[in-house]
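I opened this entry to keep track of what I looked up, step by step. The sequence and structure come next.

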Amino acid sequence: PNYNKQPIRVGTHGGNTFWAPPNLKDAYIRDNASAKLFRWKGGRMTTITAGDLNKCTTYAVATIFTQWPDTDHLLAVTFDAEKKDVVEENGGWKVLSFDYVTRPGTQGLYSSVSVAGGRQQLAAPGSPAWVPQLLPRIYNYDPKPNRPQPVSAGLIGDLALLFALPAFSAQPGSLSQVLMSCMQPNNEEDEKERGMVVTVFLDPDNKEGSTKSQLDRLQDGGYGPFYGP
């Protein structure tokens, strides 16, 4: 954040006060040194250069911030907050939320992450492989007394948010290693006031696999969970 452009913002909820990201597009300082570009193809992650983006089409964008240590919630919008003000007419900052999804032939419930879902907790207990490493415990399933525990089918949803989660589990200098290692997170602490913009592009060199219909199917669970149960 650039506090010379906009003073520190705070919010309140339930009597608690917490830091809030700027809502003006000019109130940010981009860390260009930590910006990384990756290509995911055939199950492999490789790095690319800015020149490789010349023919790419944007599929999804998200800006996401941690509010740690004030709260474990993550705030996000589905656009680049450096290009458009995060004011109410553009949706405002939203906490991550989930829709509960079933698919034919799949046992259990998918949790589909977005900023417009109906619930603020997972549909079923999250895997210990990614709670809390990818997703803070505050989002985990809350058991209900005298009710059977649902079975998780895994995590799906907005691809930009799904890629942002492992990126948040790493310090900027470790981001390449985290993503290149099949997006397995490490346990380094998040920095306060840390945010990022994640953009998912359609790859013109992968005309069969990198299409809008294929990525729609991927984020909707048509190929199974993005992060397994």
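Which residue in β9 does Ser 97 stand opposite? I looked it up in the model, which is predicted, and found Ser 114 across from Ser 97.

I then checked how the two strands are joined. β8 and β9 (residues 109-114) run antiparallel, with 5 bridges between them.

Next I traced the sheet. I noted 3 strands in the order β8-β9-β10, in an open sheet with mixed pairing. β8 (97-101) and β10 (152-157) each have a single partner strand and stand at the edges, so each has one side without a neighbour in the sheet. On average, neighbouring strands of this sheet are turned by 25° against each other, direction ignored.

I looked for a helix on these strands. I found α1 lying across β9 and β10, at about 110° to β10.

After that I turned to the nonpolar cores. The largest has 35 residues, and Ile 64, Leu 96, Leu 135 and Leu 155 touch the most other members. Among the elements giving two or more residues to this core I listed β5 (57-66), β6 (74-77), α1 (159-168), β11 (195-202) and α3 (212-219). α1 gives the most, with 9 residues.

I picked Leu 96 for a contact list. Leaving out residues up to four places away in sequence, I found that Leu 96 touches Ile 64, Leu 74, Ala 76, Val 113, Ser 114, Val 115, Gln 120, Leu 135, Tyr 139, Leu 161 and Leu 165. Ser 114, the residue opposite Ser 97, is thus on the contact list of Leu 96 too.

Last, I noted another core lying apart, of 9 residues, including Tyr 28, Phe 79, Val 86 and Trp 93.

Terms used. Residues numbered from 1 in each chain as written. Predicted model: local features only at pLDDT ≥ 70, side-chain atom pairs only at ≥ 80, totals over all residues. Heavy atoms only, no water. Core = buried A, V, L, I, M, F, W, Y, C linked by side-chain atoms within 4.5 Å. Buried < 20%, exposed > 50% of the residue type's maximum accessible area, 1.4 Å probe, protein only. Helix = DSSP H or I, 4+ residues; strand = E, 2+ residues; numbered from the N terminus. Contact = heavy atoms within 4.5 Å. Pairing = 2+ DSSP bridges. Axes fitted to C-alpha atoms, helices over the stretch in contact; angles between N-to-C directions.
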